[in-house]
Amino acid sequence: MNIVCRRSVFHLCRRPSLIADAGKERGIHSSCRRSMVMPAWVIDKYGSNDVLRFNENVLLPIIHYPNEVIIKVHAASVNPIDVNMRSGYGSKSLNMSRDPLHIKTSGSEFPLVLGRDVSGTVMECGLNVKYFKPGDQVWAAIPPWKQGTFAEFVVASVNEVSLKPKSLSYTEAASLPYVMLTAWAALVNSCGLSKEKCPGKRVLIIGASGGVGTAAIQLMKAWGAHVTAVCSGNAVTLMKDLGADDIIDYTVARLKDQLKTRDLFDVILDNIGGTSEELALQFLKPWSGATFVTLVTPFLYNNDQLGIADGMMRTGVTLASKVIKHYYKGIHYRWGFFAPSGPSLDEVGELVDAGKIRPVIEDVLPMSDVPKAFQKLEAGHARGKTVIQVVDPKK
Ligand SMILES: NC(=O)C1=CN([C@@H]2O[C@H](COP(=O)(O)OP(=O)(O)OC[C@H]3O[C@@H](n4cnc5c(N)ncnc54)[C@H](OP(=O)(O)O)[C@@H]3O)[C@@H](O)[C@H]2O)C=CC1
């Protein structure tokens, strides 16, 4: 085993026992316990699925800032962003926010650990961490510029972390944070919806059967909105189970024709992009504060293709022209972006424990099957989430 001394972990940790604990777990002799590595799925270059590599000797992550915690990952889950990042999507923008120490040590962003969702146990806390303590069961979504969760340990800032809902297992909990926080960012931050404002609102969700869609339906129903879900035929039962009031099967007739038979909407969440955007924008109530939000934006793509300066310029022009064009038609036009947030997860956790939101899990795979999980997601037609059990709950 490649042993590397990680002394710096002791400077900012409240209780430098992680390395000893991890050493004990793996039966490593006490004199070696300060020098630890961990298993993780990494990529050393961008590309197709064969760039994913299981490495048992990835450096144990360390606490750099006093507001950080180290989490022992019990379960993670796969999101489209993982597949896209594996192929290099967003790398120009994300590299600007990555840990400069990692870039300096490795000479690049590699080895890169993918995976955004985590449920697990707090192992160590930075000196300023008050709300969490070692042993707490937590869940979080880690932002894409940080090392990810297909690993034994991950570092998160406290503002990204929340106590795991008591009613969920680690496996169930790992299915929710990233998609819930994306739905939250789009519907709450971009559209201004809240528990108080939802009753009476008509919300249309396009791409309702995937991770974000199933999260969005449940959040909107928990808050009393009227939800219309757009999905394909074999997802109709799932949509009903999640509480959708009206379901449109986009495969049986043109979506436009089916939408014409419905009342107009107050909010539209578009998880699909492309032609669905122009189409959907015709079905909002004009001059009533109605908002369209899409999750499929050219922001990172523009930066990848044109560089940061020109990419930002093009993005700004595109967004501004759409906002202005639709403003004059009485519609608010928005782009939605995932935003990490422990406090929002606290609120989601309360809804979960109250039985109003549940995990929608399509498949559970062991840590050894991360490449299979990527292939599955890449094939499309997701029905909720694919979870990775980093720790086998039976052991
Ligand atoms: N901006 C941001 O910060 C974020 C953006 N995203 C983006 O949002 C999108 C959705 O993410 P996520 O839910 O996790 O993805 P998933 O892959 O989990 O789900 C996509 C779903 O859309 C369905 N679908 C495909 N085509 C259509 C269509 N024309 N009409 C209705 N449904 C359709 C698919 O099923 P089927 O094909 O069988 O109908 C599938 O169930 C992705 O493009 C992702 O990249 C996600 C998170 C954050």
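**View 1. Strand β6 and its pairing with β8.** In this predicted model, β6 and strand β8 (residues 161-163) pair in the antiparallel sense, with 3 bridges between them. One residue pair to pick out is Ala140 with Val161, its bridge partner in β8. Strand β6 itself spans residues 137-141. How much of strand β6 is buried? Of its 5 residues, 4 are buried, which leaves the strand mostly covered.

**View 2. Strand β5 against β6.** Strand β5 covers residues 117-125. It runs antiparallel to β6, and 5 bridges join the two. Which residue of β6 is the bridge partner of Thr121? The partner is Gln137. β6 thus appears in two antiparallel pairings: with β5 and with β8.

**View 3. An open sheet of 3 strands.** The strand order is β2-β1-β4, and the pairing is antiparallel. Which are the edge strands? They are β2 (52-59) and β4 (112-113), each of which pairs on one side only. Strand β1 takes up residues 37-43. Between β1 and β2 there are 6 bridges, again in the antiparallel sense. Within this pairing, Leu52 in β2 stands opposite Ile43.

**View 4. The shell around the ligand.** The ligand is surrounded by 26 residues. Gly210, Gly211, Val212, His381 and Ala382 are the closest. Three elements give two or more residues to the shell: α7 (177-190), α8 (211-222) and β10 (226-231). Which element provides the largest share? That is α8, with 3 residues.

**View 5. Residue classes in the ligand shell.** How many residues of each class make up the shell around the ligand? There are 13 nonpolar residues and 13 polar ones. No charged residue belongs to the shell.

**View 6. Lys260 in helix α10.** Helix α10 runs over residues 255-260, and Lys260 is found in it. Is Lys260 buried or exposed? Lys260 counts as exposed because 10 other C-beta atoms lie within 10 Å, and the cut-off for exposed is 12 or fewer. Phe283 is 23 residues from Lys260 in sequence. In space, the two are 7.8 Å apart, C-alpha to C-alpha.

Terms used. Residues numbered from 1 in each chain as written. Predicted model: local features only at pLDDT ≥ 70, side-chain atom pairs only at ≥ 80, totals over all residues. Near = placed C-beta within 6 Å. Nonpolar A, V, L, I, M, F, W, Y, C, P; charged D, E, K, R; others polar. Buried ≥ 20, exposed ≤ 12 C-beta atoms within 10 Å, placed from the backbone. Pairing = 2+ DSSP bridges.
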